[in-house]
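Please take a moment to look over the chain as a whole before turning to single residues. The paragraphs below go from the overall picture to a few chosen places.

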Amino acid sequence: MLSNHLQNGIETAKLVWSRLPSAEEVEQEDAGLLRKSDGSSVESLDYEIVENCAYWEEQEQRGKLYVGYNVVVKWFFALLIGIGTGLAAVFINISVENFAGWKFALTFNIIQKSYVAGFIVYVLINLVLVLSSVYIVTHFAPAAAGSGIPEIKGYLNGVDIHGVLLFRTLIGKIFGSIGSVGGGLALGKEGPLVHTGACIASLLGQGGSTKYHLNSRWLQVFKSDRDRRDLVTCGCAAGVAAAFRAPVGGVLFALEEVTSWWRSQLMWRVFFTSAIVAVVVRTAMGWCKSGSCGHFGSGGFIIWDLSDGQEDYSFEELLPMAIIGVIGGLLGALFNQLTLYISYWRRNHLHKKGNRVKIIEACLVSLITSFISFGLPLLRKCSPCPESDPDSGINCPRPPGMYGNYVNFYCSKEKEYNDLATIFFNTQDDAIRNLFSAKTIHEYSAQSLLTFLVMFYTLAVVTFGTAVPAGQFVPGIMIGSTYGRLVGMFVVNFYKKLNIEEGTYALLGAASFLGGSMRMTVSLCVIMVEITNNLKLLPLIMLVLLISKAVGDAFNEGLYEEQARLKGIPLLESRPKYQMRKMAAKEACGQRVVSLPRVVKVADVVSILRGNEHNGFPVIDHTRNGETLVSGLMLRSHLLVLLQSKVDFQHSPLPFDRRSGSRPTRHTPGEFLKPASSKGISIDDIHLSSDDLEMYIDLAPFLNPSPYIVPEDMSLTKVYNLFRQLGLRHVFVVPRPSRVLGLITRKDLLIEDNEESATVELQSTSVRTRHRDRSVSTRNGDAERPLLNGLLVQGHSTSG
């Protein structure tokens, strides 16, 4: 019986391993993403609703009960996203803190006997953790490398990046973050947590992963790109809320930094998701305080309480605080530029050589980081402990392997500590807590802080871009708090005031560097206030953020925008370029339009799909007088579904006359939707016989009869704003229309509910008649009605 269980386990393991991508497949996927540097082959998402016959038939079957059910399900999914992201964050933090705790405890115990043996153990533990992380990324989940925020920002901007939201990416992100952060690299887990929340939201929205047989049809409710966009937005906010224990900051981060489309209903769900995350994290931390989480202790989640710090500030301190903002803008812009150059060199020279080079590179960075973090404190002389204050709760030196200030590292006397080891030979969260700490004036020397700043800044630049999950929030806070404390030391010595705390300036320095690098303002300000629990510092944080962002913007763009451009993600920014004001819509059209007739031969459809990569095709019809009419837009994905099903093929080349009888629609809107982060159906996957190629398809019931249309001489700035704000994929550019059917004003769009007749009435009498006529024509399925008389402008490209 035991042998049967063992055999079943082996077979299951083989099945799972067979589904994992091989090294060659990973290489091809990674190279495919890199080949999109010009943005030519990037596919867009379909946020627009296709109002074809299947859509209207489905809408007629739905009543108010379904609308209420849909709302309840959306809130239920927000609850699941919050719980899932919170649990993932708890697992990552507990794992990282335990690995780090075991590492430092073991190293401290060994160095009591031999520093050489302790150094070897310390290096080997870091190397094993980093090796596990880079191996997971290179051989299992290539999309898990980096922070993932540029990719998620591109997804919410309307760009479909394959592999970003898959189940294996989620697994690689979680376990890869544990290895890279636990291995002591100069990176954080906060950016990957944002990506983790987005993956959890996307997987819940599509009911799980079908490839690994981890799916449930009860969860397969939201299949469209519009619905998944809202869920991923909730996941991003949940990731920030889990990383920083900042629910309000998570909502503002999603609004300010990643999403391109927002509405009030989404705000409520995002806020609810972040609140659920805060509850889950708080519950987990309360459980861990009982000692059930090993070395988790007071570390793990980023929360640096500065409520006992500096309570007031004087007018004279504003000048050094402004200088901190300038320094943060300069160093942040320099960081963005250096990481951009190094990432570009890695992509074009180093990472092209295969996964083995990526693994060797990450291991070398781990060895260098371990050498510096262990070796530099050895070169620093120890300092005598200050007079202890029983009420401060600070011990000097701290016991080996315990959290706190004043680390006794290679000190000859008992009452001495190594200030460089206090921030170097420590976890990043505890090092930041030490830098932010109040009542510890003169704990660090200027020489030690300057040494740490130069070395850690260099390590952060070099580590960024390696093939491991990496966030830049915590390294940025480390760098900024170091030079902030340096300025604070100067202010304390210059003004000779007792109420000035160096930890307050460390906080302002952290905010300034993040503002100068990531260019966030409102969300970052709220996050810093939430993690420090000191509302009195809000005006100062606002000051340094505004200055650092202004200085950084003078040199380059933010970190995520630079990395998105490097990865070939064509983001549409909030503001159009200045040159667009002088351009018309016609000038932006690149290639000739590839159009389809209403009734098209199957062989012609196959030939067109194989001959180009366009994702949208205008459908052209003709009247009895030979006049050309634009019937609508047919998507490539819809054509592939029709070719694969074959149920709509017909022998006659004539269009179906809907007045002679009603032909039921054989498809539902859900059949035309592709899974998230998937390439969907390809023309090469469809096999047609010679008889099938001779048949015809009437496209009228399946096309989008109401695409967005702009005149050829419209300003390109207007087209840009329309395209981005509505989340479009295609826009028709047409000549000036010859006549006007009517004019819609604000009052025509105001709808009143008549409770007695349970019908919807438009306030404008002139529009009510048209509305009734429109309803009748819709029920009759009049998809043949042309949108606009006239030809499409030649030279417009519909590829998206």
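Helices (at least four residues) and strands (at least two) are taken here as DSSP runs, numbered from the N terminus. The model is a predicted one, and with this way of counting the secondary structure of its chain comes to 27 helices and 17 strands. One of the loops joins helix H9 (225-244) to helix H10 (247-258), and Arg-245 lies in that loop. The phi angle of Arg-245 is near 50 degrees, which is a positive value in a residue other than glycine. Arg-245 has a relative accessible area of 17%, and because buried means under 20%, Arg-245 is buried.

That cut-off can also be applied to the whole chain, where buried residues make up 53% of the 800 residues. What remains accessible adds up to about 36800 Å² exposed by the chain, and carbon and sulfur atoms supply 60% of this area. If one takes the contacts between residues at least 6 apart in sequence, 79% of them join residues at least 24 apart.

Which residues have the most contacts inside the largest nonpolar core? They are Phe-473, Met-528 and Ile-541, and the core to which they belong has 128 residues. Ile-541, when residues up to four places away in sequence are not counted, touches Leu-507, Leu-508, Ala-511, Cys-525, Met-528 and Val-529. There is also a second, separate core of 24 residues, which includes Leu-596, Val-605, Leu-609 and Ile-686.

The next stop is helix H24, which spans residues 636-645 and is mostly covered, with seven of its ten residues buried. The buried residues of H24 are Arg-636, His-638, Leu-639, Leu-640, Val-641, Leu-642 and Leu-643. What covers these buried residues includes helix H23 (602-611) together with the strands E7 (596-597), E9 (616-622), E10 (628-635), E11 (649-650) and E12 (696-698). After H24 comes Lys-646, a residue in the loop between H24 and E11. The phi of Lys-646 is near 65 degrees, again a positive value in a residue other than glycine. At 33% relative accessibility, Lys-646 counts as partly exposed, whereas Arg-245, at 17%, is buried.

For a residue that is exposed, one can turn to Pro-384, which is placed in strand E5 (residues 383-384). Pro-384 has a relative accessible area of 60%, and because exposed means over 50%, Pro-384 is exposed. Even so, Pro-384 has contacts beyond its neighbours within four places in sequence, namely with Lys-415, Glu-416 and Tyr-417. Pro-384 and Lys-415 are 31 residues apart along the chain, and their C-alpha atoms are separated by 6.1 Å.

Aromatic rings give another way of reading the structure. A pair of aromatic rings is described by the distance of the centres and the angle of the planes. In this model the count comes to 17 aromatic pairs. In one of them, the rings of Phe-335 and Phe-464 have their centres 6.4 Å apart and their planes at 65 degrees, so the pair is edge-to-face. Phe-335 lies in helix H12 (residues 318-350), while Phe-464 lies in the loop between helix H16 (446-463) and helix H17 (473-495), so the pair ties together parts that are 129 residues apart in sequence. Phe-335 and Phe-464 are both buried.

A second pair has another arrangement: the rings of Phe-452 and Phe-456 have their centres 5.2 Å apart and their planes at 20 degrees, so this pair is stacked. Phe-452 and Phe-456 are separated by about one helical turn, because they are four residues apart in helix H16. Both Phe-452 and Phe-456 are buried.

Aromatic residues can also be grouped, and one aromatic cluster is formed by Phe-104, Phe-119, Tyr-122, Phe-371 and Phe-374. Over the ring of Phe-104 sits the charged end of Lys-103, 5.0 Å from the ring centre. Elsewhere, Arg-229 lies over the face of Tyr-47, at 4.2 Å from the centre of the ring.

The cysteines come last. A disulfide is a covalent bond between the sulfur atoms of two cysteines. A search of the whole structure finds zero disulfides. Cys-363 counts as buried at 15% relative accessibility, and Cys-589 counts as buried at 15% as well.

Definitions and conventions: Residues numbered from 1 in each chain as written. Predicted model: local features only at pLDDT ≥ 70, side-chain atom pairs only at ≥ 80, totals over all residues. Heavy atoms only, no water. Buried < 20%, exposed > 50% of the residue type's maximum accessible area, 1.4 Å probe, protein only. Contact = heavy atoms within 4.5 Å. Phe/Tyr/Trp six-rings, centres within 6.5 Å; stacked < 30°, edge-to-face > 60°. Lys NZ or Arg CZ within 6 Å of the ring centre and 35° of its normal. Disulfide = S-S within 2.5 Å. Areas by Shrake-Rupley, 256 points an atom, 1.4 Å probe, with all protein chains shown as cover. Core = buried A, V, L, I, M, F, W, Y, C linked by side-chain atoms within 4.5 Å.
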